[in-house]
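Welcome, and please open your viewer. We will go from stop to stop, selecting a few things at a time and looking at what is there.

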Amino acid sequence: MSVLSSEFPVINALKKPTSDAWVEQAISNLDIILLDHSQCERKAAGSALNMMFRYPSNAKMVRELTKIAKEELEHFEQVNQWLDRRNISLRHLTPPPYGAALKANLRSQEPNRFLDALLASGLIEARSHERLGLLATHCPEPELAKFYRGLMASEARHFGTFWVLADTYFDREIVIQRLDELAEIESELLVNLHPEPRIHS
């Protein structure tokens, strides 16, 4: 087992584990990782809201994504408190290609787009769960490591929510097949380490 592997279980939807190189890059740039993490939480809340606006008639989805949006905003505030403690000003960071590239692989025609959006969101949560676990394991600052560890359960729960929603609105066989396809794409997007430290780089 790799010296840098996480002590936490990984959601089995992911096809490939995060590389040791990412862990080394992230641990060496914790301030930037925190700043990017803030952006990720804000984007996650926005993504949930956007899906509710796009599919307002799906009542179960609206209820579940309302909960996710609220929780993501709570995490956004918590990360921002860490930024304040470290005297890091909020500012925009250029995102890595991960999110846009994954979105580019969503099918455009409905209802396929709806399924793909649910599954892609779930995969992002699964990857976040894995990477927060790696940060919790290897962060040299115990209090910050504890913070990362505390966020992991919500990331796993969010993945589960997106999976259940996909399973609610689509046949399970179709969901499993498409999740497998998108998971392959998701992992391939992370094969080459982005030159700048990011949560999803």
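Start by selecting helix H3 (residues 59–85) and helix H6 (residues 142–169), whose axes come within 11 Å and cross at roughly 165°. Axes here are lines fitted to C-alpha atoms, for helices over the stretch in contact, and angles run from 0 to 180 degrees between N-to-C directions. That angle makes H3 roughly antiparallel to H6 (under 35 degrees counts as roughly parallel, over 145 as roughly antiparallel, 65 to 115 as roughly perpendicular and the rest as oblique). Helices (H or I, at least four residues) and strands (E, at least two) are DSSP runs, numbered from the N terminus.

Before moving on, a word on what you are viewing: this is a predicted model, in which local features need pLDDT of at least 70 and side-chain atom pairs count only at pLDDT 80 or more, while totals for chains, interfaces and linings use all residues. Residues are numbered from 1 along each chain as its sequence is written, and side-chain values use heavy atoms, with hydrogens and water left out.

Stay with the two helices: H3 passes H6 in a left-handed crossing (left-handed if the near helix is turned anticlockwise from the far one by less than a right angle, right-handed if clockwise). Show the side chains in this contact, and you will find 13 nonpolar, six polar and eight charged residues. Ala, Val, Leu, Ile, Met, Phe, Trp, Tyr, Cys and Pro count as nonpolar, Asp, Glu, Lys and Arg as charged, and the others, Gly among them, as polar.

Next, the aromatic rings. How many aromatic pairs does a search of the whole structure find? It finds five, where rings of Phe, Tyr and Trp (its six-membered ring) pair if their centres lie within 6.5 Å, and planes under 30 degrees apart count as stacked, over 60 as edge-to-face and the rest as tilted. Select Trp82 and Phe147: their ring centres are 5.8 Å apart and their planes stand at 40°, so this pair is tilted. The pair links distant parts of the chain, with Trp82 in H3 and Phe147 in H6, 65 residues apart. Both residues are buried (under 20% relative accessible area; exposed is over 50% and partly exposed in between, with a 1.4 Å probe and protein chains only).

Now pick Phe114 and Tyr169, another tilted pair, with ring centres 5.4 Å apart and planes at 55°. Phe114 lies in helix H5 (residues 112–138) and Tyr169 in H6, so the pair ties together parts 55 residues apart in sequence. Phe114 is buried at 6% relative accessibility, whereas Tyr169 is partly exposed at 29%. Add Tyr55 and Phe170 to the selection, and you have a cluster of four residues linked by ring pairs, Phe114 and Tyr169 included.

Return to Trp82 and add Arg85, which lies over the face of Trp82 at 4.0 Å from the ring centre. A charge sits over a ring if NZ of Lys or CZ of Arg is within 6 Å of the ring centre and within 35 degrees of the ring normal. Then look at Trp22, where the charged end of Arg131 sits over the ring, 4.5 Å from its centre.

For the next stop, show H5 with helix H7 (residues 172–189): they pack at about 50°, with their axes 10 Å apart. The two are therefore oblique to each other, and their crossing is right-handed. Within H5, select Ala136, which is buried with a relative accessible area of 3%. Its C-alpha atom is 10 Å from that of Ile27, 109 residues away along the chain.

Finish at Lys16, in the segment before helix H1 (20–27). Lys16 is partly exposed, at 34% relative accessible area. The C-alpha atoms of Lys16 and Val191 are separated by 8.8 Å, although their positions lie 175 residues apart along the chain.
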